[in-house]
Amino acid sequence: MTAPAIEVAGLRHTFRSKGREVAAVERIDLEVGAGEFVALVGPSGCGKSTLLRVLSGLLVPTGGTARVMGEDCVGRPGLVAYMPQKDLLLPWRRALANAALGLEVRGVPRKEARARAKGLFGVFGLEGFEQAWPGQLSGGMRQRLALLRTFLTPAGVLLLDEPFGALDAITRRGMHAWLQEVLALEPRTVLLVTHDVEEALVLADRVVVLSPRPGRVVEEVAVGLGRPRHPGVVTTGDFTALKARVLAALGDGAGAEVRAQEALEG
Ligand SMILES: Nc1ncnc2c1ncn2[C@@H]1O[C@H](COP(=O)(O)OP(=O)(O)O)[C@@H](O)[C@H]1O
Ligand SMILES: [Mg+2]
């Protein structure tokens, strides 16, 4: 049997700053199979971003183990393609140069990196904006640019931290359809963080629900809906039943928080 693409066991992390301690995650156990799409949901502050930062190699946890494609990834950046929650576009690089960055830092010659990045601008709805500065782009465009850069990174595992959070509902639906198409053409293992339960169920093979801080896995819901999933899937009885299960696992407090967020976003 091949090793899971992502393996997290007994993961804990406590932030210490200025004499204060914040236990962000506690005993997280999680496996993601090769080619599987897992969505991670949980109340804000429960440690979702912390978990992704550990897997990206950028944050060394207090305890536990984390492996990517069978390799220990703790303190080892570069094994995954990671889109942080804050887009981290470099304001002094034009859009195309930002998009090509992941390739350039891996040693792909600048000209080739930019040619490959340019080829994706249309797919990501950014055609014609190659020479724009990040400050000239809307929030949604910046997010698509960060996503483009992540997709270009040559790694089998994608970690996406609320990649569609800044998009309006219609654009977001378009991105869901598009993401499914891209993954059907070029399969990857995906771990996606979202506070949007419907987004999680539209996209994922499995939804993992975390408790309030310090985060622990409280429920795993196998989605089992056919693919491709069209936007209308959200009105089906099967979908509604899955959504009820995830909301119940989020618990009253967390469920109310997620619902309030959804109401705010319309
Ligand atoms: N660099 C940090 N220093 C201190 N506390 C932090 C730091 N980063 C995150 N935290 C705290 O850890 C907890 C988990 O944060 P985070 O992983 O960002 O949650 P989520 O992504 O689920 O909203 C929160 O209480 C947050 O305030
Ligand atoms: Mg977060």
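This is a short walk through one predicted model, from its domains to its central sheet and then to its ligand.

Let me start with the overall division. The chain is split into domain 1, which covers 6–80 + 160–265, and domain 2, which covers 90–154. Their C-alpha centres are 25 Å apart. Where the two domains touch, domain 1 contributes 5 residues and domain 2 contributes 4 residues. On the side of domain 1 that touches domain 2, 4 residues are nonpolar, 1 is polar and none is charged.

Next, the sheet. It is an open sheet of 6 strands with mixed pairing, and the order across it is β6-β7-β8-β3-β9-β10. Which strands stand at the edges? They are β6, residues 81–83, and β10, residues 217–222. Each of these has a single partner strand, so one side of each has no neighbour in the sheet. On average, and ignoring direction, neighbouring strands in this sheet are turned by 15 degrees against each other.

Now look at β3, residues 37–41. In the order of the sheet, β3 stands between β8 and β9. Strand β3 runs parallel to β9, residues 206–210, and 4 bridges join the two. One pairing to find on your screen is Val 38 in β3 with Arg 206 in β9. On the other side, β3 and β8 also pair in the parallel sense, over 4 bridges. There, Ala 39 has Leu 192 of β8 as its bridge partner.

Are the residues of β3 buried or exposed? Of its 5 residues, 5 are buried. Phe 37, Ala 39 and Val 41 point one way from the strand, while Val 38 and Leu 40 point the other way.

Two helices belong in this picture. The helix α1, residues 48–55, packs on the sheet and touches β3, β6, β7, β8 and β9. The direction of α1 makes about 150 degrees with that of β7, residues 157–161. The other helix is α5, residues 139–152, which lies across β6 and β7 and runs at about 170 degrees to β6.

Let me stay with α1 for a moment. Why is α1 described as largely enclosed by the rest of the structure? Because 7 of its 8 residues are buried. Among them are Lys 48, Thr 50, Leu 51 and Arg 53. After the helix comes Gly 57, which has a positive phi, near 85 degrees.

That brings me to ligand 1. How many residues surround ligand 1? There are 13, and the closest are Phe 15, Ala 24, Lys 48, Ser 49 and Thr 50. At least two residues of this shell come from each of β1 (6–17), β2 (20–32) and α1. The largest share is that of α1, with 3 residues. By type, the shell consists of 4 nonpolar, 7 polar and 2 charged residues.

To close, keep α1 in view. This helix packs on the sheet, has 7 of its 8 residues buried, and supplies the largest share of the shell around ligand 1.

Definitions and conventions: Residues numbered from 1 in each chain as written. Chains lettered and ligands numbered in written order. Predicted model: local features only at pLDDT ≥ 70, side-chain atom pairs only at ≥ 80, totals over all residues. Domains from an automatic or database assignment. Contact = placed C-beta atoms within 7 Å. Nonpolar A, V, L, I, M, F, W, Y, C, P; charged D, E, K, R; others polar. Near = placed C-beta within 6 Å. Pairing = 2+ DSSP bridges. Axes fitted to C-alpha atoms, helices over the stretch in contact; angles between N-to-C directions. Buried ≥ 20, exposed ≤ 12 C-beta atoms within 10 Å, placed from the backbone.
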